[in-house]
Number of protein chains: 2
Amino acid sequence: MANDRETYESSPAVVPKRSFIEQAERLKPVLLQRDEEARQNVEVVPDERAIHGWRAIAASSADTLAPQSFGKGDAVILDFGDHRVGYVSLDVKPVGSPPDAPLRLKLTFGEMPVEVAEPLANYNGWISSSWLQEETITVDVLPCRIEMPRRYSFRYLKLEVLDTSRKYRVAFDRVLCRTVTSADPAQVVPLVHADPLLTEIDRVSVRTLEDCMQDVFEDGPKRDRRLWLGDLRLQALANYETFRNYDLVKRCLYLFASVPDERGRVTSNLFIEPGIIADDTYFLDYSLFFTTALHDYFRASEDKATLQELWPTARRQAELALECLDERNIVMDREGWGAFIDWHPKLNKQASAHAVLIYALKRAVPLAELLGCESAPRFAERLKALEAAAMADLWDAERGFFVSGPERQVSWASQIWFVLAEVLPKEDSRLLMLRLLAERPQVGPTTPYMYHHLIEALLLTGLKEEAVSRMKAYWGGMIADGADTFWELYDPENKSFSPYGSYLINSYCHAWSCTPAYLIRHYRL
Amino acid sequence: MANDRETYESSPAVVPKRSFIEQAERLKPVLLQRDEEARQNVEVVPDERAIHGWRAIAASSADTLAPQSFGKGDAVILDFGDHRVGYVSLDVKPVGSPPDAPLRLKLTFGEMPVEVAEPLANYNGWISSSWLQEETITVDVLPCRIEMPRRYSFRYLKLEVLDTSRKYRVAFDRVLCRTVTSADPAQVVPLVHADPLLTEIDRVSVRTLEDCMQDVFEDGPKRDRRLWLGDLRLQALANYETFRNYDLVKRCLYLFASVPDERGRVTSNLFIEPGIIADDTYFLDYSLFFTTALHDYFRASEDKATLQELWPTARRQAELALECLDERNIVMDREGWGAFIDWHPKLNKQASAHAVLIYALKRAVPLAELLGCESAPRFAERLKALEAAAMADLWDAERGFFVSGPERQVSWASQIWFVLAEVLPKEDSRLLMLRLLAERPQVGPTTPYMYHHLIEALLLTGLKEEAVSRMKAYWGGMIADGADTFWELYDPENKSFSPYGSYLINSYCHAWSCTPAYLIRHYRL
């Protein structure tokens, strides 16, 4: 398969900034590679206590594979011992008469046991089934070494012989995964916490981040494999505390800044191949995270040259967001995808989006002042107006909660973001969080992404014990349920939750779930 | 996919003759390549009068493809206008938003409309389903040019979009087949017969041979894609009258001679990759066809050096066959696969195999004499004994037929092969053929391979009109049924016949069916 490498413009109005693309290209990482072998052969058996109903159990040691032979309908599941992202190769040898027909072989890759247990053909969700990691290949000449050209994200590999012929069977050997990452484990200061569960949560967080750090910060190496701003912001925070790969953050910021739309708006996500493509999805919160991610990058790296070069893009996101206010000075309420915030289907996002804007301006103002930018006083003034408007129109003093939208919805997201935006005095924020935990409004957090913000809001208001116990319950729950890396989705109350219609398509190594490494290390938990 | 190129011995007793392999390697042809475009888009519709119940009808011109776009579940069938053997490539472009998920695309290649109409998954025959020409591929980066690495044999290509995403569709363009062959059409003297049907039968025969001439003479470019001695013998005869590629015949003879078994026996067929491998299937008739094919090659090429070098192998096949006689001097009757002769499940092969041995010795004796070989007188003497034994024990004077096996079976094959072996005086052979045509014994010819021998037996006995009318009925019947190249199997009385359990797996461009070009040209019909 050959690809024409070129910049592919998603809209004629988008004029890519060549110098930014060139800068990003110079920062392209060299990927570290390592050969990982399968560790054992497993069986995946039904178990109603196991996540998604399936458990992998040891069947035989890896060295028993090569002497076995497989005919039509035979299968084996290899366990690589941990989550892997990379390129798979294997030897296939014929056993019996000379092969008088091709071999047809199916390979199914699973991050979780369920993916190699349930037929992927049953998938009926609304996002593309093309993400399901299975391949059927036909091999004309045996023996051979099969080198699969695509990258997979997996721990389990099922090899299934669809057909050989009556005259021969096949044997498999040297099944390898050449893993790839731009994260250098040598840069990570090992963390050994007095609480072994926190040590383990940190370890799995670091593994999650490592496997998502590729040519860019990917959101998930299985799915979607691209650069989302909301994920980048959190990955960068975890990265500063662990791998310290500043250049990869810098590269991603330049990439986002290189393809603004005709009004200067930064997209929520980018495609990197066959050239830099801005997706046509724009979220108010994600665009503003360009501003906050640049702020965080400068704080971590002290790289003022990059700050200066990218500041106009960061400033522009704040300006554009300030154009989205209603007559009350509140961010306009928009149906659907005006902002992302969280996957909860009933969440009204107005209050959260308003809080994100305040949160972003509080980071934009000091940057503007540092750079002597003429916008600084105006941003500071608008910030005050936004805070006042929030207290006037979104704060329901009687209920003691921030409300959102025409139905005056009380959600966890609204409270959490207003705490993170530090709109109330700290003690009032602490009381708000306690009230939130006590009253537990119905529209709760559904993703690790929202859980991250919940934990950080608790830490910010001094509720450290509550933060730690909730982190241990949530991320520790994933570990107890078999996570090698942290998952895109995890609802302890509904473990088969998927916003896509099937847990088969969920990503089980997902960037936005790696933040405990940041939270534990940054807040010295 | 990478292959270790090496000689792979099928049996430790087989010692490959290095010098023969090197000679064959020097004769390896350079394949002629040509880019062929799809000619039109078709629909394949049910039609009970059409072969296998399906007919391709024109739907739109080829240039209407590129402007169309295809989403999940959409499909198009491209018609390349004639049978093609080669490598397919195509442009795929996204239409709509930037592709936010891979493309999963299924490609199904059909020599016949039925192959792109009926689900190949329904195939339930006994030979490997891996021959069914379908691929499912996943494309991560769009736009791209897909270059399929395997060679296909087809006229119809069905492109089926299994999934894109909700945000984009795909368009196809520049769908090309780079055809390959070692047959040079410039060498063929065009034949324009007064009878347009014979002109057409010759043309289709030449196309069949052309598409089977690859790195070696293949039996079928779809299936089995390897070098069978019985097919080689017939292809060589057609080749001498058309493409005149003597080197390719010479190469194949050296290949067969290079990997005899420990007794010097030549295999019925060879695998060429990853190295020269003798299959572990041995047929008495096919081994003897080494001797007759060498005879034919020398007659056509007058290449005495090759005759001398390969004569010991040819002689050895005759010697080994002479060890397979019973106490009556008749080739022993063996169950199953002692000889091939034809696919008929009830055919007793003893008489035919005996006749083939006589046929081969009649070609071995003059070669032995020419080379001054000490075996010449002994072969001549044994030949007489075999003919006498045949007349004593296999000729049933009362019935006027040769009989075979303990049940004294009267089959078409036995009569045909005894006529080809010229055991009876020519007039008696003519009467035998007329009796055969009149009495029509139940065990008849089932393959074009056996039909070839029937036609040649008729020609040999002066029954030219009968030969021509039967050739026109049989091969002309295939043309009327839509053959672009001649088929492996064709039974006018049972058009869905397959010895493999399904016509989906039959080969529709098969070497042993190309012989009308030889018969028409050699016998000046």
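Chain B and chain A bury about 4200 Å² between them. Carbon and sulfur atoms account for 50% of that area. Keep in mind that this is a predicted model, so every value I quote is computed from its atoms.

Who takes part in the contact? Chain B brings 53 residues, and chain A brings 53 residues. Next, the polar side of the interface. Between chain B and chain A there are eight salt bridges. One to look at is Lys167(B) with Asp280(A). Their closest N and O atoms sit 2.8 Å apart. In general terms, side chains of opposite charge can pair when their charged atoms come close. There are also 24 residue pairs in polar contact between chain B and chain A, counting pairs with both residues at pLDDT 80 or more.

Which elements of chain B give two or more residues to the side that touches chain A? Four strands do: S5 (103-110), S6 (134-139), S7 (144-147) and S12 (277-278) of chain B. S6(B) gives the most, with six residues. By class, that side of chain B has 23 nonpolar residues, 11 polar and 19 charged.

On to the pockets. I want to show you the second largest pocket. Its volume is about 1100 Å³. The lining of this pocket counts 44 residues. Nearest its centre are Lys106(A), Thr136(A), Leu162(A), Glu134(B) and Thr136(B). Both chains appear in that list. Look at the strands next. From chain A, S5 (103-110), S6 (134-139) and S8 (152-163) each supply at least two lining residues. From chain B, S5, S6 and S8 (152-163) each do so too. Which strand gives the most to the lining of this pocket? That is S6(A), with five residues. Strand S6 of chain B, you will recall, gives the most to the side of chain B that touches chain A. As for classes, the pocket lining divides into 18 nonpolar, nine polar and 17 charged residues.

Now the closed spaces. There are six cavities of 30 Å³ or more. The largest cavity has a volume of about 80 Å³. Eleven residues line this cavity. Nearest its centre lie Met332(B), Arg334(B), Gly338(B), Ala339(B) and Ala353(B). Its lining has five nonpolar, three polar and three charged residues.

Back to salt bridges, this time over the whole structure. Over all chains, the structure holds 87. Take Asp82(A) and Arg207(A). Their closest N and O atoms are 3.2 Å apart. This pair links distant parts of the chain. Asp82(A) is in strand S4 (residues 75-96) of chain A, and Arg207(A) is in helix H2 (residues 196-212) of chain A. The two residues are 125 residues apart.

Last topic: the backbone. Most residues other than glycine have a negative phi, and most peptide bonds are trans. Here are some exceptions to check on screen.

Start with chain A. Arg223(A) and Asp224(A) are joined by a cis peptide bond, with omega at about 0°. Where is Asp224(A) found? The answer is the loop between H2 and strand S10 (227-228) of chain A. Helix H2 of chain A also carries Arg207(A), from the salt bridge I just showed.

Then chain B. A cis peptide bond joins Leu142(B) and Pro143(B), and omega there is about -5°. Pro143(B) lies in the loop between S6 and S7 of chain B. S6 and S7 are both among the strands of chain B on the side that touches chain A.

Finally, Arg244(A). Phi of this residue is near 50°, a positive value in a residue other than glycine. Arg244(A) lies in the loop between helix H3 (229-241) and helix H4 (246-258) of chain A.

Methods: Residues numbered from 1 in each chain as written. Chains lettered and ligands numbered in written order. Predicted model: local features only at pLDDT ≥ 70, side-chain atom pairs only at ≥ 80, totals over all residues. Heavy atoms only, no water. Contact = heavy atoms within 4.5 Å. Buried area = accessible area lost by both parts, 1.4 Å probe. Salt bridge = Lys/Arg side-chain N within 4 Å of Asp/Glu carboxyl O. Polar contact = N/O pair within 3.5 Å; in protein donor to acceptor, adjacent residues only side chain to side chain. Nonpolar A, V, L, I, M, F, W, Y, C, P; charged D, E, K, R; others polar. 1 Å grid on protein atoms, 1.4 Å probe; cavity = no way out; pocket = protein on both sides within 12 Å on 5 of 7 lines; lining within 4 Å. Points joined across faces, edges and corners; volume = space filled by probe spheres on them.
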